[in-house]
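Grab a pencil and work through these exercises with the model open beside you. Each one has a task, followed by a solution that takes it step by step.

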Amino acid sequence: MAQNVNPFYAEQAGSTKQNDESRKSSNDSHAVTKRLHKELMTLMMTQDKSISAFPDGENLFRWIGTIMGPKDTVYETLKFKLSFQFPNSYPYTAPVVKFVTPCFHPNVDTSGNICLDILKDKWSALYDVRTILLSIQALLGEPNVDSPLNALAAEKWQKQEEYRKHVLDTYREA
């Protein structure tokens, strides 16, 4: 059975749907922006000088973070730079976080990718940039050698003097 449809009305209906999707995307982006501004203010007010993070230029969805190596570890005197890329679905989806500074570590590959459960399957919208920085800082001193991204680092971890030499040989402040 044929159906008469007013083409003008069909066009308007399609455009209304597009406008609704556009508005939703805009609202999502605004919510993410608001959340990132709040996290930035929290980080700026923190007394912990061993971590920091700020937007990379004008783009609020790209940040540069820094962590100091934890005390009493082979990383103690070292400073590491990390990049953060926030998706439009943040905080419901984890940001992509990578080491910019070369980091010899069992759970960090040579490209700077990090194997950390809270950045993957254990992510929660309750986590924030501060939590991520502190978790990565803790990971430096307590690697998961049973699930390494860098097999050589996992192997050398047992011999701390040899491991420290390798850390210092590969470290280049970014």
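**Exercise 1.** Find the salt-bridge partner of Glu162 and say how each of the two side chains ranks as buried, partly exposed or exposed.

*Solution.* Start with the pair: Glu162 forms a salt bridge with Lys156, and their closest N and O atoms are 2.6 Å apart. The rule here asks for a side-chain nitrogen of Lys or Arg within 4 Å of a carboxyl oxygen of Asp or Glu. Next, look at accessibility, where buried means under 20% relative accessible area, exposed means over 50%, and partly exposed is in between (1.4 Å probe, protein chains only). Glu162 has 37% and counts as partly exposed, while Lys156 is buried at 15%.

Before going on, a word on the ground rules. This is a predicted model, with pLDDT of at least 70 needed for local features and 80 or more for side-chain atom pairs, whereas totals for chains, interfaces and linings use all residues. Residues are numbered from 1 along each chain as its sequence is written, and side-chain values use heavy atoms, leaving out hydrogens and water.

**Exercise 2.** How many salt bridges does the rule give, and which residues do Glu39 and Asp169 pair with?

*Solution.* The count is three. Glu39 pairs with Arg35, at 2.6 Å between the closest N and O atoms. These two sit four residues apart in helix H1 (residues 7-45), about one helical turn, and Glu39 is buried at 6%. Helices here are DSSP runs (H or I, at least four residues), strands are E runs of at least two, and both are numbered from the N terminus.

Asp169 meets Lys165 in a salt bridge (3.0 Å, N to O). Both lie in helix H4 (residues 160-170), again four residues apart, about one turn. Asp169 is partly exposed at 42%, and Lys165 is exposed at 51%.

**Exercise 3.** Work out which side chains of strand E4 (residues 96-99) are buried, and find the partner strand.

*Solution.* In a regular strand, side chains alternate between the two faces of the sheet. In E4, Val97 and Phe99 point to one face and are buried, while Val96 and Lys98 point to the other and are not. The partner is E3 (residues 79-85), which runs antiparallel to E4 and is joined to E4 by four bridges. Pairing takes at least two DSSP bridges between the strands. Ser83, for one, has Lys98 as its bridge partner.
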